[in-house]
Amino acid sequence: MFLIPCPFCGQRNEEEFVSGGEARRRPDDPASLDDAAWADHLFNRDNTKGVVREWWWHARGCRLWFMVERDTLNQAISPAEKPP
Ligand SMILES: [Zn+2]
């Protein structure tokens, strides 16, 4: 178990949250991508060992989305950011 700092509710148990996966930037011009590049953007993840920027949803709390940086080696989480 680890704690996740919701920017709206404060520190909460991870069981209250649903991971939204790696925070990735949408391609500037998706229509210019071929099918393989678009599929790569939608379905493949880097699976980085170390610090990863992620989306989290506070499903059993305020029900809002936010981003954190989480170290996959030790679950250390940076202060959360509200969505832009
Ligand atoms: Zn919350």
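**Notebook: strands, core and one exposed residue**

I began at the N-terminal end, where a hairpin of three residues links strand S1 to strand S2. I worked on a predicted model, in which local features need pLDDT of at least 70, side-chain atom pairs count only at pLDDT 80 or more, and totals for chains, interfaces and linings use all residues. Residue numbers start from 1 along each chain as its sequence is written.

*Entry 1, terms for elements.* I took helices (H or I, at least four residues) and strands (E, at least two) as DSSP runs, numbered from the N terminus. I treated two strands as paired if DSSP finds at least two bridges between them.

*Entry 2, overall layout.* I noted one helix and five strands in the protein chain, in the sequence pattern β-β-β-α-β-β. The C-alpha trace spans about 40 × 25 × 20 Å along its principal axes.

*Entry 3, S1 and S2.* I found S1 antiparallel to S2 (residues 10-13), with four bridges between them. Within S2, Arg12 is the bridge partner of Ile4. I then looked up contacts, defined by C-beta atoms, placed from the backbone, that lie within 7 Å. Beyond its neighbours within four places in sequence, Ile4 is in contact with Arg12, Glu14, Phe17, Trp56, Val68 and Ile77.

*Entry 4, burial.* I called a residue buried if 20 or more other C-beta atoms lie within 10 Å of its own, exposed if 12 or fewer, and partly exposed in between, with C-beta atoms placed from the backbone. By this criterion 8% of the 84 residues of the protein chain are buried. In a regular strand, side chains alternate between the two faces of the sheet. I saw this alternation in S1: Ile4 and Cys6 point to one face and are buried, whereas Leu3 and Pro5 point to the other and are not.

*Entry 5, core.* I defined a nonpolar core as a set of buried Ala, Val, Leu, Ile, Met, Phe, Trp, Tyr and Cys residues joined through C-beta atoms within 7 Å. The largest one consists of Ile4, Cys6, Trp56, Phe66 and Val68. S1 (3-6) and S5 are the elements that give two or more residues to this core.

*Entry 6, open sheet.* I recorded three strands in the order S3-S4-S5, with antiparallel pairing. S3 (18-22) and S5 (65-71) are the edge strands, each pairing on one side only. Four bridges join S3 to S4 (residues 51-57), and Glu22 has Glu54 in S4 as its bridge partner.

*Entry 7, Phe43.* I located Phe43 in helix H1 (residues 35-43). Phe43 is exposed because 7 other C-beta atoms lie within 10 Å. Its C-alpha atom is separated by 23 Å from that of Gln75, 32 residues apart along the chain.

Definitions and conventions. Two residues are in contact if their C-beta atoms, placed from the backbone, lie within 7 Å.
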